[in-house]
Amino acid sequence: MKHLIIQQTAIGIAIAMMAGPTMADEVANFYKGRNVTMIIGSGAGGGYDTYSRVLGRHMGRHIPGNPNIVPQNMRGGGSIKAANYIYNVAAKNGAVFAAVFNTLPFAPIVGKKGPKFDIHKMAWIGSIGKHQNICATWHTSKTKTLQDAQNMETIVAGTGATSNAAVYPRLLNQTLGTKFKVVLGYKSSGAKLAVTNGEVAGICGTSYQTLLASAPTWFSENKLNIIAQIGLKPHPDLKGAPMVIDMITDKAQKDLLTFLMLPQDMGRPYTAAPGLPKARLAALRNAFAATMKDPKFLVDAKRTRLIVEPISHTAMTALVTRMSKMSKTTINSAAKLLVKKKKKKKKS
């Protein structure tokens with residue numbers, strides 16, 4: 001009997017050793033000579049697009065078979081359109097993955113209409129770096145500190161009604177008594193132009209990392225007054241800028257702000273839909289992690305002024321779980337800020 005057990009164990013080890021190379025060969029054979037589509041859930045030229053195209057130039061080298069990564073923009077609904085596509089339409093064979101907004105998990109959690117996916121089943125791949133939102137005004141603005149924003153009306157540029165640049169000023173008005181007035185309807189580039197030409201005083205709720213990449217001279221030439229950081233922890237580059245979270249003492253308000261800021265730790269996420277062959281999903285995750293350490297990628301990222309602070313797929317899963325487990329009171333409060341209300345039709 002003892003000899004039989006030893007023989008069976010030896011056979012099992014031999015099969016496992018054979019399976020390893022076979023599985024690797026299967027992955028390499030699938031990807032060799034193939035184009036892998038990277039759906040970018042935003043328009044061309046923005047932060048997500050820039051980061052993704054730099055990633056795409058290098059990640060293929062680390063996938064067995066060395067496929068080409070082909071970027072494809074698919075903007076709409078804060079990446080909901082892209083997420084719906086990979087979840088319901090795209091082939092589940094490992095040849096498609098997506099760059100999505102870090103606020104994507106909010107959509108189903110707060111009850112937005114449009115998501116046709118289960119956020120808990122998404123196959124997260126990794127993230128290039130975290131965000132730190134800031135409130136900032138132009139150097140010529142009369143509002144140079146957060147206290148100034150509490151004492152005088154300060155006009156800031158916003159994009160959509162539920163964008164960070166619209167939500168955070170309203171939240172600070174409620175919690176800290178600031179007097180921000182949000183002007184909606186700007187695109188990202190238009191908002192920056194409005195700041196420089198004095199049309200608005202600044203932007204409250206924009207990513208420091210994105211601004212550093214898209215408008216580096218604003219920092220090198222001291223063109224901005226950074227009046228507040230909107231993050232869970234202080235950013236080392238922003239010493240002296242007060243943390244909003246530290247100023248709020250009411251527990252319900254602090255919980256709400258924490259919920260709203262959690263996506264910042266997801267940074268710039270990449271995901272695939274559930275159902276991918278396990279070996280191919282593992283290959284994408286391993287390739288992403290290897291790219292984050294690739295000297296050629298890091299040189300390219302530095303040249304493009306991108307900040308690389310990688311986040312693992314397991315950490316991203318934990319963040320989504322944490323968001324969904326916040327109290328119903330907190331989630332309902334967030335929904336009032338994040339879900340666009342339908343306009344009532346006038347009675348004829």
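These turns go through ring contacts in a predicted model.

User: What kind of model is this, and how are residues numbered?
Analyst: It is predicted, so local features need pLDDT of at least 70, side-chain atom pairs count only at pLDDT 80 or more, and totals for chains, interfaces and linings use all residues. Residues are numbered from 1 along each chain as its sequence is written, and side-chain values use heavy atoms, with hydrogens and water left out.

User: Why are Tyr 48 and Phe 101 called a tilted aromatic pair?
Analyst: Rings of Phe, Tyr and Trp (its six-membered ring) pair if their centres lie within 6.5 Å; planes under 30 degrees apart are stacked, over 60 edge-to-face, the rest tilted. Here the centres are 4.7 Å apart and the planes 35° apart. Therefore the two rings pair, and the pair is tilted. By this rule the count is eight aromatic pairs.

User: Why is Tyr 48 called buried?
Analyst: Buried means under 20% relative accessible area, exposed over 50%, partly exposed in between (1.4 Å probe, protein chains only). Tyr 48 has 13%, so it is buried.

User: Why is Phe 101 called partly exposed?
Analyst: Its value is 25%, which lies between those cut-offs, so Phe 101 is partly exposed.

User: What makes Tyr 270 and Phe 288 a tilted pair?
Analyst: Their centres are 5.6 Å apart, with 45° between the planes. Both values fit the rule, so the pair is tilted. Tyr 270 and Phe 288 are both buried. Ring pairs also link Phe 97, Tyr 270 and Phe 288 into a cluster.
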